[in-house]
Amino acid sequence: MAWPPPGSSSSGSRGGGAGAAAEGGSRAASPPSPLWALPEELLLLICSYLDAQALGRLGQVCRRLRFLSSRDLLWRRIARGCLNSGFTQLGTDLAAGIPVKERVKVSRNWKHGRCRREIVLKWKCNLMPWMELDGEYLYLSQAENIQAYRLCAGSTGLQCHPQAIFSGHQEDVCRFVLVNSHIVSGGGDGNIVLHKIRGSYSAKFSAHEQEVNCVDFQGGLIVSGSRDRTAKVWSLSTGRVGQCLHTVQTEDRVWSIAISPLLSSFVTGTACCGHTSPLRIWDLESSQLLTCLGTDFHRGAGVLDVFYETPSLLLSCGYDTYIRYWDIRTSTRKCVQEWEEPHDSALYCIRSDKNHMIASGSSYYGVVRLWDKRQTQCLQSFHLSSPTSSPVYCLRFSTTHLYAALASALHVLDFTAP
């Protein structure tokens, strides 16, 4: 894209042509600003010292400065300090292709809770749905099936009918994950089902004696946890699909599970009905216990959801109403930060933008809360199911929308259109 010539202006020509003619000649063009004699690299360096407000005002001066001040290079530093702008703590861009300046604008809506709410799906009987987002599709479990809905571009809605339905369980799907174009689900029938999204391949195998409460899938391995007080590691390599590699006796019901990004270990969150920590990390290759997290959990303080941000940073939440942030490099006995649900409500699900923002779903009245890790109090709250109470069983979000699955409806919050 070529810049406008130095003397151009977005405001067009000014009036006064008759006066100029009366003076017997046209008005001389203004000399170009010395600013344009500077190389682009130096102009960008000068602009890098401006904050978001100053950059926005600079872009209103003329077309050339509007082009310059809109460069992703300038907004990236600002975006890394914003909520849910698509950048991780390490600077990785998770939303490449969306102008960074626009993401910063939408981030202000997240911060101030400005959004448009809508119910996009309803169903007649109460369920415990789970979901995943993948680009243009939202995958939602409803009873024994998983349905894929196409997201409508430029709106909060979904297409009325699912584009695909993935089945195989005889009872309700408890949890599922979507990784590398594969869906791995665990069900109340004790089975694990594997589907390839684009294709007819599927596999099903008996995994546990009771319902499979949680699953994760990375690096050709599945880990699963069950009410039967075991966690298991399964192979998906050719010729060994569904072969159990290890069985871990957790001595407690397993509610949540996650594989470390390094593919070297996995964490289990259990019901905390015994005398051991409900958060434990196990070696993925040998299934030996590596460490326990925390020492002060109360009996019954089960961990319902866990989420790895990095190989050493993870979040947990559950029945004891706390969100806990763990850094296993510094301490396994005490979390580095914690936030308490204001109304003593259990927390069913948790996710973060891998930077500053955390979103949590509570067990009463469908309350979704946004948290800023740099603050101690809740940032924003959204009550989605008053007066009928329902937990937020699952939530997922992009840089523009948040989806929350309740007992009888799927809610969406659109932060692009407050």
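Begin by selecting Tyr-322 together with Glu-340, its bridge partner in strand S21; strands here are DSSP runs of E at least two residues long, helices are runs of H or I of at least four residues, and both are numbered from the N terminus. The model is predicted, so local features need pLDDT of at least 70 and side-chain atom pairs count only at pLDDT 80 or more, while totals for chains, interfaces and linings use all residues. Residues are numbered from 1 along each chain as its sequence is written, and side-chain values use heavy atoms, with hydrogens and water left out.

Next, widen the selection to S21 (residues 337–340), which runs antiparallel to S20 and is joined to S20 by 4 bridges; two strands count as paired if DSSP finds at least two bridges between them. On S20 (322–327), 5 of the 6 residues are buried, so this strand is largely enclosed by the rest of the structure. Buried means under 20% relative accessible area, exposed means over 50%, and partly exposed lies in between, with a 1.4 Å probe and protein chains only.

Now add S19 (313–318), which pairs with S20 in the antiparallel sense over 5 bridges. One place to see this pairing is Cys-317, whose bridge partner in S20 is Ile-323. The two strands S19 and S20 form a hairpin with 3 residues between them, and Thr-321 in the turn has a positive phi of about 75°.

Stay in this region and select Phe-297, Ala-301, Gly-302, Val-303, Ser-316, Cys-317, Gly-318, Asp-320, Tyr-322 and Arg-324, which line the largest cavity. A cavity is a set of points, on a 1 Å grid over the protein atoms alone, where a 1.4 Å probe fits but cannot get out, and lining residues have an atom within 4 Å of a point. The largest cavity has a volume of about 40 Å³, a volume being the space filled by probe spheres set on the points, with grid points joined across faces, edges and corners. S19 gives the most to this lining, with 3 residues.

For the last stop, move to helix H6 (residues 100–112), whose 13 residues should span 18 Å at 1.5 Å a residue, and whose end C-alpha atoms are 19 Å apart, which agrees; the expected span is 1.5 Å times one less than the number of residues. Among the buried residues of H6 are Val-100, Val-104 and Trp-110. Finally, select Gly-113, which follows H6 and has a positive phi, near 70°.

Notes. On a 1 Å grid over the protein atoms alone, a cavity is a set of points where a 1.4 Å probe fits but cannot get out, and a pocket is an open set with protein on both sides within 12 Å along at least five of seven lines; lining residues have an atom within 4 Å of a point.
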